[in-house]
Amino acid sequence: MPQLEVIQGDITAQRVDAIVNAANSSLMGGGGVDGAIHRAAGPSLLEECRKTAAARRNVPGGPCPTGDAVITGAGKLPAKHVIHTVGPVWHGGGHGEPELLASCYRKSLLLAEENKLGSIAFPNVSTGIFGYPKDKAAAIAVAAVKETISKTPGIKRVVFVCFDQENLGLYQKLLSAAST
């Protein structure tokens, strides 16, 4: 069973094999976590994203559709790779948002396993500008990771990196309840 951790901090500073980027479907950078990762990684990340987007231009929903994930190098980041996943925009929960959000975590873990990565750090996907309620998103994230880790034996460490105190408390409570 991999080690599940939660911290409050900067995802761009994590020393793991891969950090997950809460990306947009174009992979061309944006605001929030996406912008922070692109700024910290430097121009080589954008260049890799351009190449990935070009190779996937015929994928329905854009180079990385909502709920999917792709992997690139990490530029100047301490992590070796960035796994870009596109979370859903919150529209009240009746438009497939829970399934799409869970898919972000599952596909990111499966992609890490496929690339023989042993550690991965997740941000709070979709809880910023995409407006997903933090409590609902945290519950989905923890459940999806716990469901998927049995299929990813190479992953030994999963870190939930929370930007704010509210998310930190939600994840701590969920992980504490799961360990009892």
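Biologist: C64, buried or exposed?

Modeller: Buried: this is a predicted model, and in it C64 has 0% relative accessibility.

Biologist: And C162, buried or exposed?

Modeller: C162 counts as buried too, because its relative accessibility is 0%.

Biologist: How many disulfides does a search of the whole structure find?

Modeller: Zero.

Biologist: Why is there no bond from C64 to the closest cysteine sulfur?

Modeller: Distance. The closest cysteine sulfur to that of C64 belongs to C104, and it sits 8.0 Å away, which is too far for a bond. A disulfide would need the two sulfurs within 2.5 Å.

Biologist: What about C162, where's its closest cysteine sulfur?

Modeller: In C104 as well, but at 16 Å, so that pair is too far for a bond.

Biologist: OK, switching to the sheet. How many strands, and in what order?

Modeller: Six strands, in the order β1-β6-β5-β2-β4-β3. The sheet is open and the pairing is mixed.

Biologist: Which ones are the edge strands?

Modeller: β1, residues 3-8, and β3, residues 69-73; each of them pairs on one side only. If you ignore direction, neighbouring strands in this sheet are turned by 25 degrees against each other on average.

Biologist: In which sense do β2 and β5 pair?

Modeller: Parallel, over two bridges, with β5 covering residues 119-122. For A18, the bridge partner in β5 is I120.

Biologist: Which strands does α1 touch when it packs on the sheet?

Modeller: β2 and β4, and the direction of α1 makes about 130 degrees with that of β2. α2 lies across β3 and β4 instead, and runs at about 135 degrees to β3.

Biologist: Stay with α1 for a sec. Which of its residues are buried?

Modeller: The helix spans residues 32-41, and the buried ones are D34, G35, I37, H38 and A41.

Biologist: Why do those end up on the same side of α1?

Modeller: They cover an arc of only 165 degrees around the axis, which puts them on the same side of α1. The general background is that an α-helix has 3.6 residues a turn, so residues three or four places apart point the same way.

Biologist: Which residues are exposed on the other side?

Modeller: G32 and R39.

Biologist: And what do the buried residues of α1 pack against?

Modeller: Three elements: β2 (18-22), α2 (43-55) and β4 (81-85).

Biologist: At what angle do α1 and α2 pack?

Modeller: About 115 degrees, with the axes 5 Å apart. From α1, the residues in that contact are I37, H38 and A41, and they meet P43, S44, L45, L46 and C49 in α2. Sorted by type, the contact has six nonpolar residues, two polar and no charged.

Biologist: What follows α1?

Modeller: G42, and its phi is positive, near 90 degrees.

Biologist: Where do I find K116, another residue with a positive phi?

Modeller: K116 is in the loop between α3 and β5. Its phi is near 60 degrees, and it's a residue other than glycine. In general, most residues other than glycine have a negative phi.

Biologist: K116, buried or exposed?

Modeller: Exposed, because its relative accessible area is 75%.

Biologist: How about S126, where is it?

Modeller: In the loop between β5 and α4, which is 134-148. S126 isn't a glycine, yet its phi is positive at about 75 degrees. At 5% relative accessibility, S126 counts as buried.

Biologist: New topic: where's S108, and what does it touch?

Modeller: S108 is in helix α3, residues 97-114. Leaving out residues up to four places away in sequence, S108 touches V20, A69, I83, T85, S103, I120 and F122. S108 counts as buried, because its relative accessibility is 0%.

Biologist: Last one, I11. Where does it lie?

Modeller: In the loop between β1 and β2. I11 is buried, with a relative accessible area of 7%.

Biologist: Which residues does I11 touch?

Modeller: Not counting residues up to four places away in sequence, I11 touches I19, V20, V33, I37, A121, F122, P123 and V161. I37 is also one of the buried residues of α1.

Biologist: And how many ångströms from I11 to D68?

Modeller: Their C-alpha atoms are separated by 20 Å, and the two residues are 57 apart along the chain.

Note on methods:
Residues are numbered from 1 along each chain as its sequence is written. This is a predicted model: local features need pLDDT of at least 70, side-chain atom pairs count only at pLDDT 80 or more; totals for chains, interfaces and linings use all residues. Side-chain values use heavy atoms; hydrogens and water are left out. Buried means under 20% relative accessible area, exposed over 50%, partly exposed in between (1.4 Å probe, protein chains only). Helices (H or I, at least four residues) and strands (E, at least two) are DSSP runs, numbered from the N terminus. The arc is that of the directions from the helix axis to the C-beta atoms. Contact means heavy atoms within 4.5 Å. Axes are lines fitted to C-alpha atoms, for helices over the stretch in contact, and angles run from 0 to 180 degrees between N-to-C directions. Ala, Val, Leu, Ile, Met, Phe, Trp, Tyr, Cys and Pro count as nonpolar, Asp, Glu, Lys and Arg as charged, and the others, Gly among them, as polar. Two strands pair if DSSP finds at least two bridges between them.
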